[in-house]
Amino acid sequence: MPQLPWYPEVVNRLQQGSTILDIGCCFGQDLRFLAADRVPTANMYASDIVSEFWDLSFDLFRDKASFDACFIEADILDLESPLKELKGKMNILMANQVFHLFNRERQLKMAKNLVYLGTRDAWVIGWQVGSGHGRPLPVETQTGGHSGSAGSDTKLFHNDHTWQELWKQVGEETDTTWAVETSMQPLEDWGYEVEDTAWMGPGAMGFEYICRRTS
């Protein structure tokens, strides 16, 4: 998290009382980074498709008495889930290492769901695996997990051009507009080893983004 170019802006906004939802939160480690920078945890929400990692996070960080974030077990692709209670309430929506799990169709659905959950001045932020080529990667997905995630599928690794195109379509289909910024970094700068990235194919990069709703 702290490596994101706009991290100081995010921290400043949250310190002023804005809300944040961490999608695919796992152990909630990114929210703990924010808490360490004096962001109020009472304004934090977290969601994942299973709760086990969240439950274990209090043993890992030893902060059950002080960490007040609200966890919601839900699938971001399913707005009939308890996430619907957050409609229009989230100022910042954080999705780290999530979009790249899906093909473009599901990425579009996820992005539109984030718009549904966000305020009129929402920011969508995060980091994920990208590609200098902006290309799909064929993968074999396993039964279970996110909605529709069984069988043969593709992941879409973005570059700036493909990400901008995605959010242009999001805007058109939700009657919103977005100012989108991206940054790409060598995966080695994120601590990845060569053997960690071989399956990603040529051109794999670290991809960072912020999408600010402007209308």
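Let me begin with a term: a nonpolar patch, as I use it today, is a group of nonpolar side chains joined within 5 Å, made of residues that have over 30% relative accessible area and no salt bridge. The structure above is a predicted model, and everything I describe should be heard with that in mind.

With that term in hand, the patch in this model is formed by Val50, Phe53 and Leu56, which together have about 240 Å² of accessible area on the surface. Leu56 is found in helix H3, which covers residues 52–61, and with a relative accessible area of 46% Leu56 is partly exposed. Because the cut-off for joining a patch is over 30%, that value of 46% lets Leu56 qualify on accessibility.

Let me turn from the surface to the interior. The largest nonpolar core has 32 residues, and those with the most contacts inside this core are Phe99, Met110, Trp163 and Trp167. Several elements give two or more residues to this core, among them strand E1 (20–23), strand E4 (90–95), helix H4 (104–117), helix H5 (160–174) and strand E9 (204–213). Helix H4 gives the most, with 6 residues. If you would like one residue to look at on the screen, take Met110: leaving aside its neighbours within four places in sequence, Met110 is in contact with Ile23, Ile76, Leu77, Ala95, Val98, Phe99 and Phe102. Apart from the largest core lies another one, of 31 residues, including Leu31, Leu34, Trp54 and Phe67.

Leu31 and Leu34 bring us to helix H2, residues 29–36, where Asp30, Leu31, Arg32 and Leu34 are buried. What do the buried residues of H2 pack against? They pack against helix H1 (7–15), strand E1, strand E2 (44–48), helix H3 and strand E4. Just after H2, Arg38 takes a positive phi of about 70 degrees.

You will have noticed that charged residues appear among the buried ones in H2, and for Arg32 there is a partner to describe. Asp63 forms a salt bridge with Arg32, with the closest N and O atoms 2.8 Å apart. This pair links distant parts of the chain, since Asp63 sits in the loop between H3 and strand E3 (70–73) and Arg32 in helix H2, 31 residues apart. Both partners are covered: Asp63 is buried, with a relative accessible area of 11%, and Arg32 counts as buried at 9%.

In total, the model has 6 salt bridges, and I would like to follow two others, which share Arg212. Glu9 forms a salt bridge with Arg212, the closest N and O atoms being 2.8 Å apart. Glu9 lies in helix H1 and Arg212 in strand E9, so this pair ties together parts that are 203 residues apart in sequence. Glu181 also forms a salt bridge with Arg212, here with the closest N and O atoms 2.4 Å apart; Glu181 is in strand E8 and Arg212 in strand E9, 31 residues apart. Glu9, Glu181 and Arg212 are thus linked in a network of salt bridges.

Is Arg212 buried or exposed? At 15% relative accessibility, Arg212 counts as buried, whereas Glu9 is partly exposed at 37% and Glu181 is partly exposed at 36%.

To close, I would leave you with two places to inspect in the model: the network of Glu9, Glu181 and Arg212, and the surface patch of Val50, Phe53 and Leu56.

Terms used. Residues numbered from 1 in each chain as written. Predicted model: local features only at pLDDT ≥ 70, side-chain atom pairs only at ≥ 80, totals over all residues. Heavy atoms only, no water. Core = buried A, V, L, I, M, F, W, Y, C linked by side-chain atoms within 4.5 Å. Buried < 20%, exposed > 50% of the residue type's maximum accessible area, 1.4 Å probe, protein only. Helix = DSSP H or I, 4+ residues; strand = E, 2+ residues; numbered from the N terminus. Contact = heavy atoms within 4.5 Å. Patch = residues over 30% accessible without salt bridge, like charges linked within 9 Å, V, L, I, M, F, W, Y side chains within 5 Å. Areas by Shrake-Rupley, 256 points an atom, 1.4 Å probe, with all protein chains shown as cover. Salt bridge = Lys/Arg side-chain N within 4 Å of Asp/Glu carboxyl O.
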